[in-house]
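Open your viewer and get ready to click around. We'll go from stop to stop, and at each one you'll hear what to select and what is there.

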Amino acid sequence: MRIDILTLFPDMFAPVLDTSILGRAQASGALEVQLFDLRDWTHDFHRTVDDDPYGGGPGMVMLVEPLASAIEDIKTRDPRPAHVIFFTPTGTPLKQARARELSEGSGRLLLVCGHYEGIDERAYAWADEEISIGDYVLTGGELPALVLIDAVTRLLPGVLGHAQSADDESFVEGLLEYPQYTRPSEFRGMMVPEVLLSGHHANIAAWRREQAFKRTFLRRPDLLDEGGQS
């Protein structure tokens, strides 16, 4: 998969993209990431990307012209069609199911990272999709972009060490993941559940399923309301 990132702060990405699963995914060829600085599509001495909002108000608004020019240009850099995603509080909340769909899509994403007070509304004409990662305010779209990249990359074939790993995690079936344990079997009076030490795979699977339901019911009952019980 190729992921293009349009941003004002490309230096924010390397420490995360070069580490752990994302770094290994790029080294193996499963993931290709290209960073683009929005200022490269400006035409004035100061490389201006924002201006005061019409109608007044605090903050600055990102200009539509460099955004449109950049997106159109970046799309030509690879023959695969680019699915353009903007990160915005008005976007659709990111869910595991959507991350799965994106990992199985055209094989190319173009992530647009906004900044400042917001983006000129006309720029959204170039968006195929708007995504939100939560009901809170961030400084820009760089952190949401990294969240999306991580969520999608771990679902690409061959990226995780075990093919089952991506299927045994929270939200995959609309449930939180069951509790996990490893050595030692006893620590300061806290014991690993006996069923996990039994070697009885059917009983272990049933216990894990029960624990996933219980944990979801107690901590995130809203997931069950969305259909996690199916």
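Let's start with a puzzle: does E129 count as buried or exposed? Select E129 and have a look before reading on. With a relative accessibility of 14%, E129 counts as buried, because the cut-off for that word is under 20%. Keep in mind during the whole tour that this is a predicted model.

**Stop 1: the partner of E129**

Now add R98 to your selection: E129 and R98 form a salt bridge, and their closest N and O atoms are 2.8 Å apart. This pair links distant parts of the chain, with E129 in strand β8 and R98 in helix α4 (residues 96–103), 31 residues apart. R98 is partly exposed, at a relative accessible area of 24%.

**Stop 2: strand β1**

Next, select residues 2–7, which make up strand β1. 6 of the 6 residues here are buried, so the strand is largely enclosed by the rest of the structure. Try colouring by side: R2, D4 and L6 point one way, while I3, I5 and T7 point the other way.

Who are the neighbours? Show β2 (32–37), which pairs with β1 in the parallel sense over 6 bridges. Then show β6 (108–112); β1 and β6 also run parallel, joined by 5 bridges. L6 is a handy residue to centre on: L6 stands opposite F36 in β2 and opposite V112 in β6.

**Stop 3: more salt bridges**

How many salt bridges does a search of the whole structure find? The count is 12. One of them is between the side chains of R2 and E32, at 3.8 Å from N to O. R2 lies in strand β1 and E32 in strand β2, so this pair ties together parts that are 30 residues apart in sequence. R2 is buried, with a relative accessible area of 6%, whereas E32 is partly exposed at 32%.

Select R2, D4, E32, D78, R80 and R108 together: salt bridges that share partners join these residues into one network.

For another pair, jump to D73 and R77, whose closest N and O atoms are 2.9 Å apart in a salt bridge. D73 is partly exposed at 26% relative accessibility, and R77 is partly exposed at 41%.

**Stop 4: the largest pocket**

Switch on a surface and select F87, T88, P89, L138 and G140. Of the 24 residues that line the largest pocket, these lie nearest its centre. The pocket's volume is about 460 Å³.

Which strand gives the most to the lining? That's β5, with 4 residues. β5 (83–93), β7 (118–119) and β8 (129–132) each supply at least two. Colour the lining by class and you get 11 nonpolar, 10 polar and 3 charged residues.

**Stop 5: some backbone oddities**

A bit of background first: most residues other than glycine have a negative phi, and most peptide bonds are trans.

Now select R47, in the loop between β2 and β3 (50–51). R47 has a positive phi of about 55° although it is not a glycine, and it is partly exposed at 35% relative accessibility. Move on to Y116, in the loop between β6 and β7. Y116 has a positive phi too, of about 60°, and is partly exposed with a relative accessible area of 34%.

Finish at P184, in the loop between α5 (142–153) and β9 (186–187). Look at the peptide bond from R183 to P184: this bond is cis, with omega near 0°.

Notes:
Residues numbered from 1 in each chain as written. Predicted model: local features only at pLDDT ≥ 70, side-chain atom pairs only at ≥ 80, totals over all residues. Heavy atoms only, no water. 1 Å grid on protein atoms, 1.4 Å probe; cavity = no way out; pocket = protein on both sides within 12 Å on 5 of 7 lines; lining within 4 Å. Points joined across faces, edges and corners; volume = space filled by probe spheres on them. Nonpolar A, V, L, I, M, F, W, Y, C, P; charged D, E, K, R; others polar. Buried < 20%, exposed > 50% of the residue type's maximum accessible area, 1.4 Å probe, protein only. Pairing = 2+ DSSP bridges. Salt bridge = Lys/Arg side-chain N within 4 Å of Asp/Glu carboxyl O.
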